[in-house]
Structure formats: structure tokens, C-alpha cells
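Ready for some practice with a protein model? Grab a pencil, take a look at the structure, and work through the exercises below.

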Amino acid sequence: MPSQITDRLLAPLPALSPELAQLLRPLFSGATPTGGIAVAVIRGNERTVVCRGYADRSGARPVRADTRFALGSVTKTFTGLLLAEMVARGEVGYEDPIDRYLPAEVLPGYPQERPITLLHLATHTSGLPRLPVGLLPSALPRWFTDPYATFSRPHLLRALPRTPVRGMPGAQVRYSSLGCGLLGLALESAAGIRYEELLASRICGPLGLMDTSCAPDREPSHGYRRGRRVPSFRLPALPGAAALSSTADDMLRYLQAHLAVDAVPITERGGAAAALKAALREVRLPRVERRRSGARIALTWNHRALDEGELLFHTGATGSLRGRGATAEASGGRDGGAASAVFAGFNPAAQVGLVAMASTLPGLRRRFTQTAYATLRRLAG
């Protein structure tokens, strides 16, 4: 199947430099023949978006810079930024306990002498499990259509009191999509508006991310597996964990905002610009350190201190509930299904950023995100 290449302005892409083409080549081997891939690169003042493949099975819609991909767990970085923005406004505090924003009767059980805080949720130190109790049984009857659509907020609130907390909050890093999802619910409770609207008004709108949203009427590209289109696998009860879809264009702007905070064009309105710029700086700061590995967690971002400078990154996927770390969140078919894999990362010192989004086979997801991580390091080096 022929490939289509477009740049961020949807005009013919100028020839890549041999150096950049060589750096990006390994990423394009991770896309499926009937899927597509979009890669966005920032190097200093250089901006490049390269797209190949198709957003539909028939090959009628080439992947472009405005093709939407499901971000999976990369959504969590938006939720972390929203937390920092609301802290900068004085609306919430990092050390606020979650029972300040969630009904006491639905809280998970945990040692009362050290309550779960908003910071615990944002750094995966709450002790909460990866996913809500009862999620998988409710998903199975609709596995190939929209498995999580029936797991609503009432289901979640009934499940939370039965949810175990492992250890003392703040004591250990244990990756939890449930925790980040609860963070989104706590923030919308504090603001008095739904997460989707809050994110649009505080983050996506001010940064000019016009194609980034949780909107169910704007389906992203998910690819195909064995002749069947992969469903969206939305989890309406916890949008702050993995609900967003975005484009290469928007993600380029998103990373640019993190790399050049003072240059972000935000209209000054009631302190909005100052709060968002303060938040963009806050999310980069390491907060906790993993035992043994020494790897650190910022506000949802993974943080590495390397020879070429600090590196912040996150991965996301749709396609399997199995997996480790930050790479597997939503679900595909019983056989593993088609999947999307997303990597977003940046190096402030080198002024380098990379976004890679692809429809890929489940077994290649981890390899794809590892290749993207290695590519970012080479770009920075």
C-alpha cells in the first residue's frame, strides 16, 4: 500500500535531511500495513511532522497532521498540568486530601493517619490499584463494540469503597490509572464543571489545541485487526486517565508550550496566562523517586536525569489491559486486537521534543515506544 507524507500545514513535505530521515526511520517500521503513523519533531526552531499510512482500512484517508489518534495514558499529562494550573490559581493544594473533593461514603479504604492527597494521585503513590474493581466483568459482554461505556460514574462510586489500598499513601510508586482518573474527578469537583469542559477552558483552549478533546463525536484513528475496526474503548467514568484524542499538529504545540514556557502565546485574562505558565514549569519538577531504579516521577510525567539533560516522557496505548508501567491502559480484542501506541517526550536543555503516534500490533507496542524513547535521546544528543 503506498505511503502518504504530509507536513503540519498539509502541504507537500520538503525532503527530510538525511540525518533526520535516518533518525526517524526505525519508528516507521512499527506501524501496521493497514494502519498509519504520525511523528512530530521539535529541534530548536525546527518543526517537522511526517505522516504515513492510512486512517481507514480502504486506504481512502491518508494519515495527516490533523488526523486524530487516541492518546491513551498520555492523557494523564494533561490532568497533571490541570492540577498544577489550579494550584497556581489557589483553587486546590497538592496536599489536599481527596475526601475534600469526593464524597466520604465512596472513598477507598486507607490508613486515616495519612490520607491520600492530590499529589499522591498525580505521582502514582496513592497505593490504589491500576484499574477500578469490577471494570473487567462489566466490559466482557461488549468487548468488541464499546466495552467500557457501561462502566459509568455510579458504577465507579459503588466500586471505590471495595477498592483496596496497598500500603501507606506516599510510600511507594505503583502505577494507577484509577488514581489519575480520580484526580480528574477531584479537580472537576473543585472547579464545579466537568473534566472535559475544565480541560478545554484551562489547557486546550489557551494553548490553541483545537483538535484535542474527549468529544465522543470525533472518533480517532484506531486501525484494523483481522478485518475488524477497533472500537474506541472510552472509559467515561475516569476521563482524566485516558480519554483524550489529539493530532500531531496539536501535540507539537503541546510540547512546544513545555519547551518554551515564556514564549507561549496566551491571552492575559484574569491571571490565566500566569497560572498556566507557572503550571508548565511545575509539571517538569521531579517529585518522587522509584526504589531501586532511581527513576523519578514528576506530575504524571516520567523524569530521567541523563547526560544530555533531563528527559520527560509518557507513553500511552489502546489495545490491552495487560502490560507494565505506563504503556497499557485501554483494551482491544480478546486476541490482543489492533492497537495504537503513543509516545510524547521532551528535553528542555536541548530544546528537543518528539511525539510518535501509530496504529500497531499489540506485540509491537512496547518496541515502538522504546524506539521513540531512544530516538528522542538521539535527537537531544
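## Exercise 1: Two helices side by side

α2 crosses α6 in a left-handed way. Keep in mind that this is a predicted model.

**Task.** Work out at what angle helix α2 and helix α6 pack, and which residues meet.

**Solution.**
- Step 1: Find the two helices. α2 covers residues 75-88, and α6 covers residues 177-191.
- Step 2: Pick the descriptors. Two packed helices are described by the angle between their axes and the distance between the axes.
- Step 3: Fill them in. The angle is about 35°, and the axes lie 10 Å apart.
- Step 4: List who meets whom. From α2 come K76, T79, L82, L83 and M86. On the α6 side they meet S177, C180, L183, G184, L187, A190 and A191.

## Exercise 2: A hairpin

**Task.** Describe how strand β1 is joined to strand β2, and what the turn looks like.

**Solution.**
- Step 1: Locate the strands. β1 spans residues 36-43 and β2 spans residues 46-53.
- Step 2: Check the direction and the bridges. The two strands run antiparallel, with eight bridges joining them.
- Step 3: Go to the turn end. R43 has E46 in β2 as its bridge partner.
- Step 4: Look at the turn itself. Two residues sit between the strands of this hairpin, and G44 in the turn has a positive phi of about 60°.

## Exercise 3: Salt bridges

**Task.** Say how many salt bridges the whole structure has, then look at three pairs and a network.

**Solution.**
- Step 1: Start with the count. Searching the whole structure turns up twelve salt bridges.
- Step 2: Take D96 and R100. Their closest N and O atoms are 3.0 Å apart, which fits the salt-bridge cut-off of within 4 Å because 3.0 Å is inside it. D96 is buried at 11% relative accessible area, whereas R100 is exposed at 53%.
- Step 3: Take D262 and R281, whose closest N and O atoms are 2.3 Å apart. D262 is in the loop between α9 and α10 while R281 is in helix α10, so this pair ties together parts 19 residues apart in sequence. D262 is exposed, at 61%, and R281 is partly exposed, at 38%.
- Step 4: Take R377 and E308, which form a salt bridge at 2.7 Å, N to O. This pair links distant parts of the chain: R377 sits in helix α11, E308 in the loop between β9 and β10, and they are 69 residues apart. R377 is partly exposed, with a relative accessible area of 32%.
- Step 5: Finish with the network. Salt bridges link E85, R89, E91 and R202.

## Exercise 4: Cysteines

**Task.** Count the disulfides, and explain why C204 and C214 don't form one.

**Solution.**
- Step 1: The count is zero disulfides.
- Step 2: Check the distance. The nearest cysteine sulfur to that of C204 belongs to C214, 8.0 Å away.
- Step 3: Compare with the cut-off. A disulfide needs the sulfur atoms within 2.5 Å, so C204 and C214, at 8.0 Å, don't qualify.
- Step 4: Add the surroundings. C204 is buried at 3% relative accessibility, and C214 is buried at 11%.

## Exercise 5: The whole chain

**Task.** How many helices and strands does the chain have, and what percentage of its residues count as buried?

**Solution.**
- Step 1: There are eleven helices and twelve strands.
- Step 2: Of the 381 residues, 57% count as buried.
- Step 3: Look at contacts with a separation of 6 or more. Residues 24 or more positions apart account for 69% of them.

Terms used
Residues are numbered from 1 along each chain as its sequence is written. This is a predicted model: local features need pLDDT of at least 70, side-chain atom pairs count only at pLDDT 80 or more; totals for chains, interfaces and linings use all residues. Side-chain values use heavy atoms; hydrogens and water are left out. Two strands pair if DSSP finds at least two bridges between them. Helices (H or I, at least four residues) and strands (E, at least two) are DSSP runs, numbered from the N terminus. A salt bridge is a side-chain nitrogen of Lys or Arg within 4 Å of a carboxyl oxygen of Asp or Glu. Buried means under 20% relative accessible area, exposed over 50%, partly exposed in between (1.4 Å probe, protein chains only). Axes are lines fitted to C-alpha atoms, for helices over the stretch in contact, and angles run from 0 to 180 degrees between N-to-C directions. A crossing is left-handed if the near helix is turned anticlockwise from the far one by less than a right angle, and right-handed if clockwise. Contact means heavy atoms within 4.5 Å.
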